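Visitor: I've got a chain open on my screen and a few things to ask. Mind walking me through it?

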Amino acid sequence: HLQPGSALLQYMMRDMPDGSRQASIIYNGWLDDDYQPLLPDEPTLQWLQDGAVRLVVSGHLPHGDAPLVLRLSKDIAAVTADIGYAREVCWESVETASSQRSQAVCEVIITPGSQDH
């Protein structure tokens with residue numbers, strides 16, 4: 001694009017105009033295209049452990065209708081709570097009159113020293 005700032009905006013995007021993907025400074029997903037967990041490699045896990053990181057919180061890549069909590073290792077968990085598509089869920093077992101799609105809200109509370117994920 002010839003618009004000012006478009007190259008900077010593209011830098012942060014995961015999906016490229018040609019359909020390929022690049023590493024992103026904004027988007028982070030813990031699920032692959034088949035919705036299976038993507039776990040960090042051992043050097044990354046070791047780096048997190050060495051830095052005393054116990055919880056990785058990320059977002060801006062919608063994945064479903066509830067927060068996602070993954071156990072990355074014995075001592076490290078990952079949480080993402082972008083449920084931007086949750087309002088699109090339409091339950092088959094609910095009567096049509098009461099299944100009108102509406103708003104979705106999610107709150108993830110993290111407290112210092114918390115070990116429950």
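Visitor: Let's start with charges: which residue forms a salt bridge with Asp15?

Guide: Keep in mind that this is a predicted model. Side chains of opposite charge can pair when their charged atoms come close. Here the closest N and O atoms are 3.4 Å apart, inside the 4 Å cut-off, and the residue that forms the salt bridge with Asp15 is Arg21.

Visitor: How many salt bridges does a search of the whole structure find?

Guide: The pair Arg21 and Asp15 is a salt bridge. Searching the whole structure gives a total of 1.

Visitor: Is Arg21 buried, partly exposed or exposed?

Guide: Buried needs under 20% relative accessible area and exposed needs over 50%. Arg21 has 49%, so it falls in between. Its partner Asp15, at 41%, also lands in that class. That makes Arg21 partly exposed.

Visitor: On to the fold. What pattern does the chain follow along the sequence?

Guide: The secondary structure comes to 2 helices and 3 strands. Reading along the sequence, you get α-α-β-β-β.

Visitor: And in what order do the strands sit in the sheet?

Guide: S1 (residues 55-58) and S3 pair in the parallel sense over 4 bridges. S2 (residues 68-71) runs antiparallel to S3, again with 4 bridges. The sheet is open, its pairing is mixed, and its order is S1-S3-S2. The edge strands, each pairing on one side only, are S1 and S2.

Visitor: How many residues does the hairpin use to join S2 to S3?

Guide: S2 covers residues 68-71, and S3 covers residues 77-80. The hairpin takes the chain from S2 to S3 through 5 residues.

Visitor: Which residue in S3 is the bridge partner of Leu55?

Guide: Leu55 falls within S1, which is residues 55-58. On the S2 side, Arg71 also has a bridge partner in S3, namely Ala77, while Leu70 is bridged to Ala78. For Leu55 the partner is Ala77.

Visitor: How far apart in space are Arg71 and Leu55, C-alpha to C-alpha?

Guide: Arg71 is found in strand S2. Both Arg71 and Leu55 have Ala77 as a bridge partner. In sequence they are 16 residues apart, and in space the C-alpha to C-alpha distance is 9.4 Å.

Visitor: Which residues of S3 point the other way from Ala77 and Val79?

Guide: In a regular strand the side chains alternate between the two faces of the sheet. In S3, Ala77 and Val79 point one way, and these residues are buried along with the ones on the opposite side. By contrast, Arg71 in S2 is partly exposed at 45%. The residues of S3 that point the other way are Ala78 and Thr80.

Visitor: Last stop, the largest pocket. Which class, nonpolar, polar or charged, has 11 residues in its lining?

Guide: Rolling a probe the size of a water molecule over the atoms shows where empty space is left. The largest pocket holds about 460 Å³ of space. Its lining counts 21 residues, with Arg14, Gly29, Trp30, Leu31 and Leu61 nearest the centre. By class there are 6 polar and 4 charged residues, and the class with 11 is nonpolar.

Terms used
Residues are numbered from 1 along each chain as its sequence is written. This is a predicted model: local features need pLDDT of at least 70, side-chain atom pairs count only at pLDDT 80 or more; totals for chains, interfaces and linings use all residues. Side-chain values use heavy atoms; hydrogens and water are left out. A salt bridge is a side-chain nitrogen of Lys or Arg within 4 Å of a carboxyl oxygen of Asp or Glu. Buried means under 20% relative accessible area, exposed over 50%, partly exposed in between (1.4 Å probe, protein chains only). On a 1 Å grid over the protein atoms alone, a cavity is a set of points where a 1.4 Å probe fits but cannot get out, and a pocket is an open set with protein on both sides within 12 Å along at least five of seven lines; lining residues have an atom within 4 Å of a point. Grid points are joined across faces, edges and corners, and a volume is the space filled by probe spheres set on the points. Ala, Val, Leu, Ile, Met, Phe, Trp, Tyr, Cys and Pro count as nonpolar, Asp, Glu, Lys and Arg as charged, and the others, Gly among them, as polar. Two strands pair if DSSP finds at least two bridges between them.
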